[in-house]
Each structure stands twice: as C-alpha cells, then as structure tokens.
Amino acid sequence: MGACLGGESKPVSPRLKSNSYGGDDALEEEKKEDTKKSSSSKVSLQKTKTCKSKKKLTFRPYCEPLLYKNKIIFLSGDLIRNKDAGMTLEAQYLSKYYMKDLESDTISEHKINCDDDTQIDILPSNSNCVYTLNPLNDKIYFIVNNSKLMTLDLTTNTLSSLNKEIDDMESSKQQKNLAQIAYLDGKGICVMGPDKITNNVDEEKDDDYVHKVPYNRFRVTQQGQDETSTEKCKFENYGEQSRVITAKMDNKNCILMMGGIKLQKAEDSNDLVEAPHDEIFITDGDNYLTFSNKKDDNSAIVYHTAYPIHSFGIINYKNEYIFQFGGIDTQRPKTAEDADKPGTRVRNDIRVLRISKEDIDEYGLERYRWYSLEMKIPRNGPCHAIFASNNDKIELFTCFGKHYSFSPNELFDQLSKGKQKKDENSNDDRLTEGWKELNPWTEAGKTVNPTKSTSIRNIGPAPDSDVDEMLRLLHESGAGPYEDYINSMDEFSEYKEIYDDKNLDKLKAIIKNKEHLDTIIAKAKELCPPKAKEAKE
C-alpha cells in the first residue's frame, strides 16, 4: 500500500498474498530453534515504563492507518471470504472507517456514503488500491486498480470518483509497475508512475489537482555485449505493497518509496518468483533524486532497506531519523519450484537510518547507513507505526488489533548506549545493549541476510495463520470472545494441531472455558476434517 501519513510516517500491509512463498512450517522450525536460546538479555519495549499496552482494538487494522489532526483513521469494511478455501479472505470493501482520538483515547465509527459504482477493495494483499491524506482539504485520495482516482471527503463521509484517469501506458504494462500516491508539503497530491493523467476540468481551478511523477523519468544506461548502450526505466515490477513516507532531505521535501514485493529472478535460475525486495526510490514531486556524499555525482543511484522486507512499520522522526519496526523478510527462492517452500521470517527488531544533514551525530551514527537496536518491539511480525508529534509518542499497531504507545526517548536511550560489543558478564556470544551496523543504504540489503543471531527472535506462526482466521471467524459469528485466544495460541498454526490429542493438555491450559474449547476443536475438524486413520485413532 502507498499511503502517506500526513507527512509523518507510512505503515504497512498485513501479509503476503496467499500465493506468495513462505509459510508456517519455516516459522515453526525457527520457533523450535529460538526456544533453545535464552532471551533474558533482550530489551523489550513491552517491559519499559513508557511503553503502554492499550486496550485491544475491536476491529482488525488490516489497512494502514492515517494520522489526521491528532486522530488516527482506520479504513474498514465488509470482509469477503472464500468458503471453498478454508474461509480465507478474498476482499474487503470500504464501507466505514474508525477514528481513534489520541487525546481522549476514544474510538468513533463513521459510515461512508457510497454505491456499487464506487466500491473499493482495500485489502492490502490484493494490491487493488493505494491512498493518502490531504490535510489541507480533509480528503483521502485513492488510486483504484492502478487506473482510477477517487476521494473520500471526511467532512461529508462521501466516496466519489474524480474526473481523472491514469493512463495505462504500454511502458507500464511491460514493466508491470503499480502507481503510488502521497501528499507532499508545498506540492500537494503526487502520483508516482504513469506518464499521463487525464484531467477533465480546468486544472487552475481544480482543488483536486494531481502532480504526476512518471517512473520513466528515472532511467539508467545499460551496456550491451556488442558495446552498444540502451536506456531503460529503473522501475520494473515495482509497487506491490511498497511503503511510502515523506521526509525533508537536504532541504528538499521528498517522498520515499521503499520495500514491498516484486517479481524477480530466483537465486539459481532465470525463473521469476514473487519475493520481498529492498529498493528505495526518492522523488521531490518533480524528479527522482540521488543523494551522495560526492559532489557533482548525478549517477542513477538506487537506495536499499537493510533487508529485502515488507509489512514493516515505519516513521519519520523530525526529519532526523527513519525508524523501521518488525516486518516480514525472507531469502529469495533458488528456483520457481522452491517459491512455495518455507522461507518467511517474521521480525521484531528495530532499524534506524539517520537522514539529518549534520556532519556529526551525537549517537555516532553515519548518515545514510542502517543500524539495528538491541531493543525489540513487543510482538514480532507485521505492524503499523505512526509518530504523533503533537504528544511526542509512537503508536504501534499489530494486525491482530494490539495497540502499544511509547516515547521515542526509549529508542534514543538505546542509541546513547553506543555500539554493541560482547557482554563480558555473559558466558556466550551475547552482546550488550545499544546499536550495531547494518548496510549503507546504497548497497543491496541482500548482502546482509539475517543469520541465526540471537538479536532476532523468529517465533510464532505466520500472521493470519489458519488458526488465527478460525478464531476470528468464531469471534465474528458472535459465539464468544474467541479473538482473545489468538496471542496465547501462537504455537498453533494448523487445524490438525488443534484436534491432535497430543496437544489437548496444552489447549486446556490456555482455554479454561470448556464450551470454548469444544467449539474450537469442532470448528478445526469442520474446516480440515481428520483423515480416516486419524479419525479412527
């Protein structure tokens, strides 16, 4: 998704598409590996005084929130499920939004006026729409199906179509790119991608004027084997579930598009596979920019995240530091046949990139280099993050609806501890608190793929596992508060694990209510009937 959080930050999409590689088996293996290690030295925000776990949201924030006048907007709507595929989510049609007031800590629900012609599927895994907020006219702008522009007026709660169409040019079809959208201070609404946007009104009088920044403006020269050179658009298969934030860099207001999922060559073959990537592109609303410490260096530079990753929370802290939280990463499959094999990793680490222009940083961080903190977020995996500058708090949301609030001082306290080194009081390879270097952002993140370092806790099932969805279905049916069991049932990811007699004692310890226990076991058997041998036993 490509929403810009009012110039503050950009959160994440909750999960890979169902046909993406990676899965629960790999995470189960990582969980077994991780349980062998001691985590007593880990510094968790959940354990700090200022990180407060607030009341769980009554809805699931699949889509990224937007910061609006010290309030947080969560788009929501009717969920469409596939009954023939284990009730997996197929779509979510926008019909309402929730608004959480950060001062009063209250939530209000707002119905949206729309009809069949203005329906929008906002489920992030479908990549059917991206959106941003224009704080000057109180409207949310959508790009729908990579071709149509729509708005939601927050003063009237009306969803309507603009008289503008995005030109689906041939170059875009060939490169298979998806457009992105963001609000940029001093510029307005910017659409990255298309060569042309059709306006059917007088642009000078158009309150909904859109600036276009075609991907084709960022081109690189490729040298052929016959010593001839050709120009090529640097964007290719780009934009699916990419994250967008805004920041001021070198005195320019900029839009940064980073990470996501794209088709790319497998490690050991020419097969195209869908995998996370680490590219970052930057624009000032007119051109794509390069930032280099070398003077007069105008070469086309592509920046990178610390790892190929998606579904991470991200904030811009006062145009000085960019913080990333959690997310999902994985190594690229070796061949197309390996694309559906385990490989996904959920993360709970925190990465930081210094973007401030000062030559000397008080914490010793180089400009444009990624670092990781020893401190971890309370839950691993996908999350949304917003920096609410009015009350100087970072608001962190999981796709399960958990809400955490903490002060940025917690992060800077870790940075102030300096570079990590071996803990002399430990008998193993444990490190002290503080930060450690990752990659400069001009180097590909794949050169620092995560290892079995104890600084990463790979535990728990993949987000939206079969069991998670089953518990949510039971909750939505009104049978009881079954969503409350999601966090405590992390180790169960498949239906068959629920009705396996070997796990009965574990389940009884988690689910004290016998009626709830019987209902969960019966539902698991209904969704995934035991095989004849299992049923007989």
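**Exercise 1.** In this predicted model, determine the strand order of the open sheet of three strands and state which strands stand at its edges.

*Solution.* The order of this open sheet is S11-S12-S14, and the pairing is mixed. Strand S11 (180–184) and strand S14 (210–214) each have a single partner strand, so they stand at the edges and one side of each is left without a neighbour in the sheet. From one strand to the next, the twist averages 25°. Next, consider one pair: strand S12 (residues 188–193) runs parallel to S14, joined over five bridges. Within this pairing, Met192 has Val213 in S14 as its bridge partner.

**Exercise 2.** Carry out the corresponding analysis for the open sheet of four strands.

*Solution.* Here the order is S17-S18-S21-S22, with antiparallel pairing. Strand S17 (243–249) and strand S22 (303–304) are the edge strands; each has a single partner strand, so one side of each lacks a neighbour in the sheet. Strand S18 (residues 252–258) pairs with strand S21 (residues 279–283) in the antiparallel sense over four bridges. Leu256 is found opposite Ile282 in S21.

**Exercise 3.** Identify the residues with the most contacts inside the largest nonpolar core, and the elements that give two or more residues to this core.

*Solution.* The core has 24 residues, and Phe323, Phe325, Leu411 and Leu415 have the most contacts inside it. Among the elements that give two or more residues are strand S25 (321–330), strand S26 (344–354) and helix H3 (409–415). Another core, of 22 residues, lies apart from this one and includes Ile245, Cys254, Ile355 and Trp370. Finally, take Leu411: leaving aside neighbours within four places in sequence, Leu411 contacts Phe323, Phe325, Ile350, Leu373, Met375, Ile394 and Phe406.

Methods:
Residues are numbered from 1 along each chain as its sequence is written. This is a predicted model: local features need pLDDT of at least 70, side-chain atom pairs count only at pLDDT 80 or more; totals for chains, interfaces and linings use all residues. Side-chain values use heavy atoms; hydrogens and water are left out. Two strands pair if DSSP finds at least two bridges between them. A nonpolar core is a set of buried Ala, Val, Leu, Ile, Met, Phe, Trp, Tyr and Cys residues joined through side-chain atoms within 4.5 Å. Buried means under 20% relative accessible area, exposed over 50%, partly exposed in between (1.4 Å probe, protein chains only). Contact means heavy atoms within 4.5 Å. Axes are lines fitted to C-alpha atoms, for helices over the stretch in contact, and angles run from 0 to 180 degrees between N-to-C directions.
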